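Biologist: Could you take me on a close look at a single part of this model, one helix and its surroundings? I would like one connected account, with the distances that go with it.

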Amino acid sequence: MKELGQTKKGILDLLWRTESPVSLKEVSQNIGLKGRSTNMHVLGLAKMGLARKTEAGYVLTDYGREALGFPKVDEAFAKKILGKTPPEKAFRFYYGIHQPAGISSDSLVDFCEKIRAIDARSMEFHTSRGDFELWASYLGDTELAKRLRLIRDANLTGESLRQRLYRAVKSRCDQLLKI
């Protein structure tokens, strides 16, 4: 694949961050391009197989994810990320330093379910330290780790943090389970 310019990389990154179909108007507003220029860039990305058009807008393809530097996810890779960890590598939830919650997760699917119920203090503690993204990296999921870093950077708290974390992890689990 030929080298992508900064504008096309920005559009791919927008499609990745959004996680849902994006209209040309939304691309234009977020990237700061005029309509015709946006159309040409997005059509170019679609022609290259990096994005595709749906009824609701444009979405990133797996090839587009690879262009952003994320590893190709095949069945073996998905199984590795979704598999159980050894007990000593399970994620252990805390409320603060030296304040264990007594809850742990030994897989990404289990982690997804636990964040639905864990006290918000624990989520805030771990998010502020980058613990969730470190555990995702340990699992081998650099894409989820980056998404969790974006959530950390948003400085969310309470229920809004829980919802964003849950949606990100659930979406990733669903994606990997389909492979």
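Modeller: Happy to! Let's begin with a salt bridge: the side chains of Arg-121 and Asp-119 meet at 3.3 Å, N to O. Please keep in mind that this is a predicted model. Both partners are partly exposed, Arg-121 because its relative accessibility is 47% and Asp-119 because its value is 33%.

Asp-119 has another contact with Arg-121, this time through the backbone. At the start of helix H7, a side-chain oxygen of Asp-119 reaches to within 2.7 Å of the backbone nitrogen of Arg-121. Helix H7 itself covers residues 120–129.

Which residues of H7 are buried? They are Ala-120, Ser-122, Met-123, Phe-125, His-126 and Thr-127. As background, an α-helix has 3.6 residues a turn, so residues three or four places apart point the same way. What covers the buried residues of H7 includes strand E3 (91–96) and four helices: H6 (108–115), H8 (131–139), H9 (142–153) and H10 (158–177). After H7 comes Gly-130, with a positive phi near 80 degrees.

Now let's step over to H10, one of the elements covering H7. Arg-162 is found in this helix. Is Arg-162 buried or exposed? It counts as buried, because its relative accessible area is 11%, and the cut-off for buried is under 20%. A polar atom of the Arg-162 side chain lies 3.4 Å from the backbone oxygen of Arg-116. Leaving aside residues up to four places away in sequence, Arg-162 touches Ile-115, Arg-116, Ala-117, Ile-118, Asp-119, Ala-120 and Met-123. That list brings us back to where we began: it includes Asp-119, the salt-bridge partner of Arg-121, as well as Ala-120 and Met-123, which are among the buried residues of H7.

Further along in H10 there is another charged pair to look at. The side chains of Asp-141 and Arg-172 meet in a salt bridge at 2.8 Å, N to O. Asp-141 lies in the loop between H8 and H9 and Arg-172 in helix H10, so the pair ties together parts that are 31 residues apart in sequence. Both Asp-141 and Arg-172 are buried. The pair also belongs to a network of salt bridges that links Arg-65, Asp-141, Glu-143 and Arg-172. Across the structure, the number of salt bridges is 16.

Finally, a word on the cysteines. The structure holds 0 disulfides. Cys-112 is in none, and the nearest cysteine sulfur, that of Cys-173, is 4.9 Å away. Why is there no bond from Cys-173 to Cys-112? Because the sulfur of Cys-173 is 4.9 Å from that of Cys-112, the distance is too far for a bond; a disulfide needs the two sulfur atoms within 2.5 Å. Cys-112 counts as buried at 3% relative accessibility, and Cys-173 is buried too, with a relative accessible area of 4%.

So the tour of H7 starts with Asp-119 and Arg-121 in a salt bridge, passes the covering that includes H10, and ends at Gly-130 after the helix.

Definitions and conventions. Residues numbered from 1 in each chain as written. Predicted model: local features only at pLDDT ≥ 70, side-chain atom pairs only at ≥ 80, totals over all residues. Heavy atoms only, no water. Buried < 20%, exposed > 50% of the residue type's maximum accessible area, 1.4 Å probe, protein only. Helix = DSSP H or I, 4+ residues; strand = E, 2+ residues; numbered from the N terminus. Contact = heavy atoms within 4.5 Å. Polar contact = N/O pair within 3.5 Å; in protein donor to acceptor, adjacent residues only side chain to side chain. Salt bridge = Lys/Arg side-chain N within 4 Å of Asp/Glu carboxyl O.
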